[in-house]
Amino acid sequence: MPRTAPLRTDCSQCAALCCLALAFDKGRDFAFDKNPGEPCRNLSGYDCAIHDDLTERGMKGCVAYDCLGAGNRVVQEVFDGRSWQTEPRLTRVMIEAFAAMREVHKRIDLLRAAGAFELDPRDDQTRRSLLAQLETRRWSGPELNEFEVGLALEVDLFAHAIRDRLPEDFFEDR
Ligand code: SF4
């Protein structure tokens, strides 16, 4: 499925939110442990100092990760290009907004993908309506905080209701 805005990941418009917010454990995919909210030791400004050697340096989990455009959208849309690095007091709220926006984009991805399968006309109308609400909204921090107990729940219930129309592995990597 081609990814159109707003699911286009653009690290140049982000503030390295994944390298700050996410946790990982030393093992097959990562060479060391990192706690959530701890800037990665390889972060140099907004760049990864080992970007060209991630796999060789035991960090193939970083290569595989895609925020689905959530990071750049949070920085540009919710925080108008500001960053936790120049305004450390934004660190916590940016991490929270990033987590919520990832959930928004996962649902957009799911609803777009579901459109490739034959749904009842009413279900497809519901799918389009939910998708439009997610795609066209310009999110604020407080709205993102409410997302998981509001619209996300609606999308999840809808996805559950149409699961018989989708392939068995549809939800596996979502
Ligand atoms: S190794 Fe590089 S890409 Fe991976 S979390 Fe650290 S800074 Fe980010």
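Is arginine 41 buried or exposed? Arginine 41 is exposed, because 10 other C-beta atoms lie within 10 Å and a residue counts as exposed at 12 or fewer. The legends below describe close-up views of a predicted model.

**View 1. Arginine 41 sits in the loop between α1 and β1.** Helix α1 covers residues 17-21, and strand β1 covers residues 43-44. The C-alpha atoms of arginine 41 and glutamate 172 are separated by 32 Å. Along the chain these two residues are 131 residues apart.

**View 2. Eight named residues form the surroundings of the ligand: Cys19, Cys40, Asn42, Leu43, Cys48, Ile50, Met59 and Cys62.** The shell contains seven nonpolar residues and one polar residue. No charged residue belongs to the shell around the ligand.

**View 3. Leucine 68 lies in the loop between α2 and α3.** Helix α2 runs over residues 60-64. Leucine 68 has a positive phi of about 60 degrees, although it is not a glycine. Most residues other than glycine have a negative phi. Leucine 68 is partly exposed, with 18 other C-beta atoms within 10 Å.

**View 4. Helix α3, residues 70-78, is mostly covered.** Seven of the nine residues of α3 are buried. The buried residues are Ala70, Gly71, Asn72, Arg73, Val74, Val75 and Val78. They pack against α1, α4 and α6, the last of which spans residues 141-147.

**View 5. Glutamate 77 is a residue of helix α3.** How many C-beta neighbours does glutamate 77 have inside 10 Å? The count is 17, so glutamate 77 is classed as partly exposed. When neighbours within four places in sequence are left aside, glutamate 77 is in contact with Arg138 and Trp139. The C-alpha atoms of glutamate 77 and threonine 126 are separated by 26 Å. These two residues are 49 residues apart along the chain.

**View 6. Aspartate 80 follows just after α3, in the loop between α3 and α4.** Phi of aspartate 80 is near 50 degrees, which is a positive value in a residue other than glycine. Aspartate 80 is exposed, because its C-beta atom has 7 others within 10 Å and the limit for an exposed residue is 12 or fewer.

**View 7. Helices α3 and α4 pack with their axes 9 Å apart.** The angle between them is about 120 degrees. That value makes α3 oblique to α4. The crossing of α3 past α4 is right-handed. On the side of α3, the contact is made by Ala70, Gly71, Arg73, Val74 and Val78. On the side of α4, the residues are Met94, Ala97, Phe98, Met101, Arg102 and His105. By class, the residues of this contact of α3 with α4 comprise seven nonpolar, two polar and two charged.

**View 8. The axes of helix α4, residues 91-114, and helix α5, residues 121-136, come within 10 Å.** They cross at roughly 145 degrees, and α4 passes α5 in a left-handed crossing. Helix α4 contributes Val104, Arg107, Ile108, Leu111, Arg112 and Ala114 to the contact. Helix α5 contributes Arg127, Leu130, Leu131, Leu134 and Glu135. The contact of α4 with α5 has seven nonpolar and four charged residues, and no polar ones.

**View 9. The axes of helix α4 and helix α7, residues 151-161, come within 11 Å.** What is the angle at which the axes of α4 and α7 cross? They cross at roughly 30 degrees. The two helices are therefore roughly parallel to each other. As with α5, α4 passes α7 in a left-handed crossing. Glu103, Arg107, Leu110 and Leu111 of α4 meet Ala152, Val155 and Ala159 of α7. The residues of this contact of α4 with α7 divide into five nonpolar and two charged, with no polar residue. Arg107 and Leu111 of α4 appear in the contact with α7 and also in the contact with α5.

Terms used: Residues numbered from 1 in each chain as written. Predicted model: local features only at pLDDT ≥ 70, side-chain atom pairs only at ≥ 80, totals over all residues. Near = placed C-beta within 6 Å. Nonpolar A, V, L, I, M, F, W, Y, C, P; charged D, E, K, R; others polar. Axes fitted to C-alpha atoms, helices over the stretch in contact; angles between N-to-C directions. Helix = DSSP H or I, 4+ residues; strand = E, 2+ residues; numbered from the N terminus. Parallel < 35°, antiparallel > 145°, perpendicular 65-115°, else oblique. Left-handed = near helix turned anticlockwise from the far one by under 90°. Contact = placed C-beta atoms within 7 Å. Buried ≥ 20, exposed ≤ 12 C-beta atoms within 10 Å, placed from the backbone.
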